[in-house]
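Here is a short report on the empty spaces in the model shown next, both enclosed and open.

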Amino acid sequence: MNKLLLNCDLGEWECAEQTLALMQFLDLANIACGGHAGSIETISYCHSIAQEHNVKTGAHPGLPDGGRGDASKLTCDEFENILNTQIETYLSAGAPLHHIKLHGSLYHLSELRRDIRDTYLDFLANQNCAVVSLAGGQVAHHAQS
């Protein structure tokens with residue numbers, strides 16, 4: 001039987017009270033790690049609250065321009081650099097990397113472009129962590145093969 005896990009993107013400038021209020025309902029917290037939002041301080045805070053609620057934490061990397069720009073021309077090297085930089089920030093805050101869930105434009109780009117998806121899946125394999133992706137989408141399909 002499949003189990004549904006509830007995840008939420010956090011560390012995206014919500015107030016501390018909101019983070020705390022949401023945490024009690026979650027299985028997974030996707031914590032912004034310095035691209036579109038987030039900092040070492042917000043990563044540490046979100047992780048500490050997650051620990052208190054037995055919530056697994058993961059990184060939520062996004063485009064450095066706030067996550068709202070046009071990612072369509074992003075190269076695989078640029079994408080991998082974003083991942084490396086932001087995962088390094090996430091880990092330097094002392095949070096364990098249970099999973100990665102891409103933010104917005106990167107999330108959709110990984111579904112649309114095979115080169116970006118392959119780069120992402122290779123990156124994930126080297127991180128030895130889970131992926132949070134679109135159910136039934138291309139990332140999920142290829143991650144299982």
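On a 1 Å grid over the protein atoms alone, a cavity is a set of points where a 1.4 Å probe fits but cannot get out, a pocket is an open set with protein on both sides within 12 Å along at least five of seven lines, and lining residues have an atom within 4 Å of a point. Grid points are joined across faces, edges and corners, and a volume is the space filled by probe spheres set on the points. This is a predicted model, in which local features need pLDDT of at least 70 and side-chain atom pairs count only at pLDDT 80 or more, while totals for chains, interfaces and linings use all residues. Residues are numbered from 1 along each chain as its sequence is written, and side-chain values use heavy atoms, with hydrogens and water left out.

The structure holds one cavity of 30 Å³ or more, and the largest cavity encloses about 40 Å³. Its lining consists of Leu 102, Tyr 107, Ser 110, Glu 111, Tyr 120, Val 132, Ser 133 and Val 139. Helix H4 (residues 104-112) supplies the largest share of that lining, three residues, where helices (H or I, at least four residues) and strands (E, at least two) are DSSP runs numbered from the N terminus.

The largest pocket has a volume of about 450 Å³; of the 20 residues that line this pocket, Leu 5, Val 131, Val 132, Ser 133 and Ala 135 are the closest to its centre. Strand E5 (130-131) and helix H6 (138-144) each supply at least two lining residues of the largest pocket, and H6 gives the most, with four.

The table sets out both linings by class, with Ala, Val, Leu, Ile, Met, Phe, Trp, Tyr, Cys and Pro counted as nonpolar, Asp, Glu, Lys and Arg as charged, and the others, Gly among them, as polar.

| Lining | Nonpolar | Polar | Charged |
|---|---|---|---|
| Largest cavity | five residues | two residues | one residue |
| Largest pocket | eleven residues | seven residues | two residues |
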